[in-house]
Amino acid sequence: MYDFKIAAADKATLYRDLASALEGLIAGEPDAIANMANAIALIWETVPDLNWAGFYRNVGGELVLGPFQGRPACIRIPFGQGVCGAAAATLQVQRIDDVHAFPGHIACDAASNSEIVIPIVRDGELIAVLDLDSPRKARFTAEDEAGCSKLAEILANAI
Ligand code: SME
């Protein structure tokens with residue numbers, strides 16, 4: 001087992017340490033599932049106030065559930081539907097302060113109140129999205145977006 005013990009007072013330091021732990025964890029490993037599984041375990045353990053964290057992979061133009069932590073979730077999400085589908089269709093980060101105000105939000109876990117979804121793109125193609133949910137409204141700030149975007153960049157070459 002790996003024990004990274006990341007505890008940081010500020011978000012910039014937390015995401016910097018998380019990015020460096022992630023780089024170490026995936027170094028030299030070509031298997032996408034293994035890397036997604038370890039990445040999401042690390043994120044789940046490190047990022048506070050989450051009730052769900054996981055990947056949806058682009059499988060033939062549809063999002064399909066990948067490695068995750070939290071409660072069992074919806075398996076398939078069409079591009080354009082919900083927060084994940086919006087990120088997949090636009091290739092833009094979706095940072096939603098109140099998911100109940102997002103038209104078409106797909107409620108997989110009733111505990112979720114805010115959400116961030118980051119597209120993972122390689123050579124212009126969507127590989128997957130990284131989806132983090134929180135029970136706290138407006139949990140995700142611009143700093144979380146910057147930190148998670150860096151993680152997505154690292155993962156783009158590892159999954
Ligand atoms: N809420 C997401 C669905 C996935 S769950 O949060 C795990 C959405 O609206 O796309």
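Here a visitor asks a guide how the labels on this predicted model are earned.

Visitor: What should I know about the model before we start?

Guide: It's a predicted model, where local features need pLDDT of at least 70, side-chain atom pairs count only at pLDDT 80 or more, and totals for chains, interfaces and linings use all residues. Residues are numbered from 1 along each chain as its sequence is written, and side-chain values use heavy atoms, with hydrogens and water left out.

Visitor: Why is Asp144 called buried?

Guide: Buried means under 20% relative accessible area, exposed means over 50%, and partly exposed is in between (1.4 Å probe, protein chains only). Asp144 has a relative accessible area of 0%, so it counts as buried. You'll find Asp144 in helix α4, residues 142-156; helices are DSSP runs of H or I with at least four residues, strands are runs of E with at least two, and both are numbered from the N terminus.

Visitor: What makes the link between Asp144 and Lys11 a polar contact?

Guide: A polar contact is a pair of N or O atoms within 3.5 Å; within protein, one must be able to donate a hydrogen and the other to accept it, and residues adjacent in sequence count only if both atoms are side-chain atoms. The side chains of Asp144 and Lys11 make such a contact at 2.5 Å. Leaving out residues up to four places away in sequence, Asp144 touches Lys11, Tyr15, Ile116 and Arg139, where contact means heavy atoms within 4.5 Å.

Visitor: And Asp49, why does that one count as partly exposed?

Guide: Its relative accessibility is 35%, so Asp49 lands in the partly exposed class. Asp49 sits in the loop between α2 and β1 (52-59).

Visitor: How far apart are Asp49 and Arg139 in sequence and in space?

Guide: They're 90 residues apart in sequence and 7.8 Å apart in space, C-alpha to C-alpha. Arg139 is also among the residues that Asp49 touches, and the side chains of Asp49 and Arg136 share a polar contact of 2.5 Å.

Visitor: Why does Arg71 count as exposed?

Guide: Arg71 has 55% relative accessibility, so it gets the exposed label. Arg71 is in the loop between β2 (62-70) and β3 (76-78), and touches Trp52 and Asp109, not counting residues up to four places away in sequence.

Visitor: What makes an empty space a cavity or a pocket?

Guide: On a 1 Å grid over the protein atoms alone, a cavity is a set of points where a 1.4 Å probe fits but cannot get out, while a pocket is an open set with protein on both sides within 12 Å along at least five of seven lines; lining residues have an atom within 4 Å of a point. The structure holds 1 cavity of 30 Å³ or more. About 120 Å³ of space lies in the largest cavity, and of the 15 residues lining it, Cys84, Ile106, Cys108, Glu115 and Asp131 are the closest to its centre. α3 (82-90) is one of the elements that supply at least two lining residues, and α3 gives the most, with 3.

Visitor: How much space lies in the largest pocket?

Guide: About 150 Å³, where a volume is the space filled by probe spheres set on grid points, joined across faces, edges and corners. Helix α2 (residues 32-46) gives the most to the pocket's lining, with 4 residues.
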